[in-house]
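Trainee: I should like to request a close look at a single part of this model, its largest pocket. Please describe how much space lies in that pocket, which residues line it, and how the elements around it are arranged.

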Amino acid sequence: MTEENGSIRTLSVDIGGSGVKAMVLDITGVPLTERKRLDTPQPATPEVVINAIAVLAAAQGEFHRVSVGFPGVVRCGVTETAVNLHPDWIGFDLQTALTNLLNKPVRVINDADMQGFGAIAGKGVELVITLGTGFGSALFVDGKLVPNMEMGHHPFRKGETFEEQLGRAELEKIGEKRWNRRLEKAIASLHHLFNYDYLYIGGGEAVRVDLQLPLNVKLIPNITGLLGGIALWRSEKTPK
C-alpha cells in the first residue's frame with residue numbers, strides 16, 4: 001500500500017474527554033464520509049472507549065488504515081497519560097489493541113498533535129492549542145513536530161495550570177466573559193514564551209472564543225483534529 005494509490009481510505013478517530021469522533025478521509029485528507037460522534041463512555045476505560053471506536057468504524061464503510069488522536073502522551077502507540085479519561089490507560093498499548101480489533105494498520109498520536117497536523121502551514125514556529133475538556137498543545141518547527149508537549153499541565157497563573165484555568169469545568173464555573181479574559185492572558189503568555197509565527201486555537205470550546213485576536217492567531221474548526229490523521233502516514237514512521 002503506497003501513498004500514490006489514490007484509493008487508500010483512512011479512518012481518522014479523535015478520542016476526547018467528552019466525545020469520540022470518526023470519519024473516513026481520502027489520500028489528500030478530503031472527507032469521504034460524514035463525521036460521526038459518540039459520547040465518551042463513563043468511566044472512560046480502554047475497553048469501553050475501544051468498543052465505541054468499533055461502533056463508529058462499523059458505520060463508516062470501507063477503510064484501509066486508521067489514525068487515532070488520543071488526549072495524553074503517546075509513545076510508540078502506548079498511552080502514557082490520560083488525565084481526562086481513566087487511570088487504566090496508563091501503559092496501555094492502544095495501537096496494538098486497535099490493530100487486532102479492526103484488522104487494519106493503526107497509528108496513534110496525541111490528539112493536539114494530530115489536530116496540529118491538520119492546521120499548520122509547515123513554515124516557521126507554529127503553536128496549536130486545543131480548548132475542550134482539557135487544554136491540549138502542539139508545537140511545530142518548519143512542519144516538524146515537537147511531540148507530547150503537555151503544556152496544559154504546566155503552571156499558568158495564580159498557582160494553577162493552563163488546564164485548571166481554561167478547561168471546560170472552569171469555563172462552566174466562571175462564565176465565558178472571565179474565561180475569555182484568561183484566554184487573552186494565556187495568548188500573551190504563550191507569545192512571550194514561544195515567539196511563534198502562528199498560533200492556532202481549536203477544540204470543542206474554541207467556538208466560545210470572543211476576542212479580538214492578533215493577526216497571527218487563528219481559530220480552527222474542531223474537525224481539524226480528524227483531518228490531521230492523514231499526516232501520520234506521510235512518512236515511514238509514526239511521529240513519536
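Mentor: In this predicted model, the largest pocket holds about 460 Å³ of space. Its lining is made up of 32 residues, and those nearest the centre are Gly-16, Asp-111, Thr-130, Gly-132 and Thr-133. Two or more lining residues come from each of β1 (10-15), β2 (19-25), α3, β9 (125-131) and β10. Of these, α3 gives the largest share, three residues.

Helix α3 therefore deserves attention, because it spans residues 111-119 and also carries Phe-117, one half of an aromatic pair considered below. Eight of the nine residues of α3 are buried, which leaves the helix mostly covered. The buried set consists of Asp-111, Ala-112, Asp-113, Met-114, Gln-115, Gly-116, Phe-117 and Ala-119. Asp-111 thus appears both in this buried set and among the residues nearest the centre of the pocket. At the N-terminal end of α3, Asn-110 acts as a cap, with a side-chain oxygen 2.9 Å from the backbone nitrogen of Ala-112.

Asn-110 also falls within strand β8 (residues 106-110), which is mostly covered, with five of its five residues buried. Strand β8 runs parallel to β4 (residues 65-70), and five bridges join the two. Within this pairing, Val-68 has Val-108 of β8 as its bridge partner.

The aromatic contacts come next. The model contains six aromatic pairs. Phe-117 and Phe-140 form an edge-to-face pair, because their ring planes stand at 70°, over the cut-off of 60 degrees, with the centres 5.1 Å apart. Since Phe-117 belongs to α3 and Phe-140 to strand β10 (residues 135-141), this pair ties together parts that are 23 residues apart in sequence. Both Phe-117 and Phe-140 are buried. The two elements joined in this way, α3 and β10, are also among those that give two or more residues to the pocket lining.

Elsewhere, ring pairs link Phe-70, Trp-89 and Phe-92 into a cluster. Phe-70 is part of β4, whose residues are 65-70, while Phe-92 is in β7 and is the bridge partner of Thr-79. Strand β7 pairs with β6 (residues 78-79) in the antiparallel sense over two bridges. Together with β5 they form an open sheet of three strands in the order β5-β6-β7, with antiparallel pairing. In this sheet, β5 (74-75) and β7 (92-93) are the edge strands; each has a single partner strand, so one side of each is left without a neighbour in the sheet. A further contact with a ring involves Lys-104, whose charged end sits over the ring of Phe-63 at 5.5 Å from its centre.

Two other buried sites may be added. Glu-170 is located in helix α5 (residues 168-174); its relative accessibility is 13%, so it counts as buried. The side chain of Glu-170 makes a polar contact of 2.9 Å with the side chain of Arg-182. Met-151, in the loop between β11 (144-146) and β12 (155-157), has a relative accessibility of 5% and therefore counts as buried as well.

Technical notes
Residues are numbered from 1 along each chain as its sequence is written. This is a predicted model: local features need pLDDT of at least 70, side-chain atom pairs count only at pLDDT 80 or more; totals for chains, interfaces and linings use all residues. Side-chain values use heavy atoms; hydrogens and water are left out. Rings of Phe, Tyr and Trp (its six-membered ring) pair if their centres lie within 6.5 Å; planes under 30 degrees apart count as stacked, over 60 as edge-to-face and the rest as tilted. Helices (H or I, at least four residues) and strands (E, at least two) are DSSP runs, numbered from the N terminus. Buried means under 20% relative accessible area, exposed over 50%, partly exposed in between (1.4 Å probe, protein chains only). A charge sits over a ring if NZ of Lys or CZ of Arg is within 6 Å of the ring centre and within 35 degrees of the ring normal. Two strands pair if DSSP finds at least two bridges between them. A polar contact is a pair of N or O atoms within 3.5 Å; within protein, one must be able to donate a hydrogen and the other to accept it, and residues adjacent in sequence count only if both atoms are side-chain atoms. On a 1 Å grid over the protein atoms alone, a cavity is a set of points where a 1.4 Å probe fits but cannot get out, and a pocket is an open set with protein on both sides within 12 Å along at least five of seven lines; lining residues have an atom within 4 Å of a point. Grid points are joined across faces, edges and corners, and a volume is the space filled by probe spheres set on the points.
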